[in-house]
Amino acid sequence: MKNLDNKWKYKRFAKELIFLVACLIIAAWSLFPFYWAVVSSLRASSDLFSTDLIPSSITIENYKYIFNDESFGASFWNSVVVATLTALATLIICLLAAYPLARCRFVGRKRVLMIALCVTTLPHVAVLSGLFEMIRFFDIYNEKSALILAYMIITVPFTLWVMTNFMNGIPKEIEEAAIMDGATRYVILTKIFLPVLKPAVVTTGLLAFIAAWNEFLFALTFTLTNQARTVPVSIALFSGASQHELPYGLIMAASVVVTLPLVVLVVIFQRRIISGLTAGSLKG
Amino acid sequence: MQSKSTPTDPFNWLFLAPCLLVLAVCAGWPLLRTMFFSFTDATLDNLQQTSFIGLDNFITLARDQEWWKAALNTFTIVIISVPLETVLGLVVALILHKNFRGRGWMRAIVLVPWAIPTIVSARMWGWMLNDVYGIINELLLRASIIDSPVPWIASNTLSLISIILVDVWKTTPYMSLLLLAGLQSLPQDCFEAAEVDGISFGRMLFKVILPLLKPTLIVSMIFRALDAIRIFDLVYVLSSGNNATTTMSVYARRHLVDYADVGYGSTIAIVLLFFIVFLGILYAPFYRKKLQSLD
């Protein structure tokens with residue numbers, strides 16, 4: 001009996017060990033590229049090609065250079081403005097639209113949801129020339145507003161679905177009581193639904209911000225000058241004296257600077273991000 | 001669940017108006033223009049005065065060796081990365097589904113590759129895969145797996161493998177979240193029952209979990225394939241200058257912008273759209289289920 005007990009314990013221990021090792025491998029696989037970027041960005045340029053996993057000496061010269069570089073500063077600011085405004089505009093548009101979609105049954109409702117779902121799968125190159133023409137027509141080429149306009153195609157359909165989902169879950173009693181009191185739709189939305197929906201607003205706003213922050217194709221196509229670019233574009237176009245002499249120390253420093261805010265957001269909001277991502281896709 | 005509203009209540013459409021306007025302006029109209037351009041000889045400098053050339057662009061495309069190569073590359077990436085991501089995503093999802101100390105941290109760690117901009121991941125991996133100074137060659141050399149540095153990006157075959165590697169790294173987190181949501185929607189007592197009965201994990205996985213998870217697996221794979229087929233950012237940055245890895249989106253943009261040939265570029269984009277619509281039809285039964293869940 002004792003023997004059996006020991007065997008069981010041993011088996012349990014082995015199971016837990018395998019689980020732990022699996023966790024460690026996944027963590028290393030997920031984090032190593034970012035870790036390596038951080039390490040490389042902290043090396044002096046003479047030391048850049050060292051392959052020591054832990055650096056013997058560190059310097060912040062790359063970061064100093066990046067922050068003193070005018071065009072990188074401009075693109076960082078552009079990214080902040082574009083991503084923030086895209087998220088805000090998306091939230092306002094989708095909060096308004098999700099109300100009838102979630103709370104009323106009317107003809108054409110399903111069609112609207114269906115169209116939004118189709119737009120999420122649209123290849124972005126298929127709207128590139130049409131958008132370009134429109135942007136030139138509005139005379140906003142090489143400006144932030146062009147990017148905000150283009151990013152709506154990415155953020156609006158997704159946010160609309162997630163928001164409709166969340167709003168669908170609000171108990172109808174709350175709304176009925178307000179209607180009895182003679183509240184208008186607008187008041188119901190802003191005074192009653194909005195406070196309840198605060199977590200959903202944070203989640204979808206965050207997801208829209210991240211999507212706009214990371215976008216590349218539109219930003220590459222609709223901007224021309226260093227002053228108008230967003231960070232992904234300036235990182236992609238960073239070049240050295242020749243193809244083989246890319247300034248990797250600087251590129252890694254810039255990469256860490258754009259990624260760090262996102263990593264912090266993910267650590268703080270992981271639960272909400274996960275619920276938003278799954279609500280928008282699978283859970284229906 | 002619903003408030004009283006007649007089908008013609010103008011309030012509905014008033015609230016929907018900004019959203020519909022945005023969808024029409026940002027997606028609808030540009031898409032129609034691209035469809036139109038694909039039958040013309042439009043150039044970037046002259047989008048207004050174009051002449052209609054019928055199916056000429058489509059005929060050119062059918063005979064364009066470079067396009068066939070781009071299509072082949074795209075489908076290679078989709079066919080290899082999506083199943084890989086599904087398997088890895090399932091492993092991660094099973095781990096995250098377990099209740100253990102530090103699960104919150106594990107979730108955050110797993111999400112990191114998802115949050116890193118694709119451009120940045122391309123740059124990070126480009127540096128790690130650098131043939132001369134890259135850490136990956138160095139580690140493989142030290143472990144005596146290879147005898148001489150491998151040109152991960154410069155070689156035609158290897159660069160496609162590198163793209164798949166980075167794509168798998170970047171998108172497995174999302175896949176694992178989709179599958180985790182699927183696992184959480186299964187009856188949880190079947191996990192516990194199996195544990196109590198002492199059924200081995202492998203048996204439980206193949207006899208219980210996978211059959212129950214099948215709809216989620218299929219839907220997630222189609223979902224990911226719809227996304228992977230338009231791959232652009234990673235290819236554009238990781239193997240820029242190497243035409244051997246060009247995908248359909250990259251090829252379309254090259255014609256649209258670099259060669260300013262909007263007519264032919266639009267044709268390439270429309271054919272890509274056609275593939276997506278075809279995949280989307282497989283996804284259609286799920287669309288309907290999703291809509292029903294909102295009733």
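A nonpolar core is a set of buried Ala, Val, Leu, Ile, Met, Phe, Trp, Tyr and Cys residues joined through C-beta atoms within 7 Å, where a residue is buried if 20 or more other C-beta atoms, placed from the backbone, lie within 10 Å of its own, exposed if 12 or fewer, and partly exposed in between. The model is predicted, with local features needing pLDDT of at least 70 and side-chain atom pairs pLDDT 80 or more, while totals for chains, interfaces and linings use all residues. Residues are numbered from 1 along each chain as its sequence is written, and chains are lettered from A and ligands numbered from 1 in the order in which they are written.

Select first C94(A), A97(A), A98(A), A150(A) and C19(B), which have the most contacts inside the largest nonpolar core, a set of 165 residues. Helix α6 of chain A, residues 144-168, gives this core its largest share, 17 residues (helices are DSSP runs of H or I, at least four residues, numbered from the N terminus). Because domain 1 (2-47) and domain 2 (69-281) of chain A both contribute residues, the core lies between them; the bounds come from an automatic or database domain assignment.

Stay with C19(B): beyond its neighbours within four places in sequence, it is in contact (C-beta atoms within 7 Å) with I93(A), C94(A), L96(A), A97(A), V156(A) and L160(A).

Next, go to the loop between α6 (135-142) and α7 (156-184) of chain B, where S144(B) is found. This serine, not a glycine, has a positive phi of about 55 degrees, and S144(B) counts as exposed, with 7 C-beta neighbours inside 10 Å.

Finally, select A260(B), in the loop between α11 (248-258) and α12 (262-292) of chain B. Its phi is also positive, near 55 degrees, and A260(B) counts as partly exposed because it has 13 C-beta neighbours inside 10 Å.

Key. Helix = DSSP H or I, 4+ residues; strand = E, 2+ residues; numbered from the N terminus. Contact = placed C-beta atoms within 7 Å.
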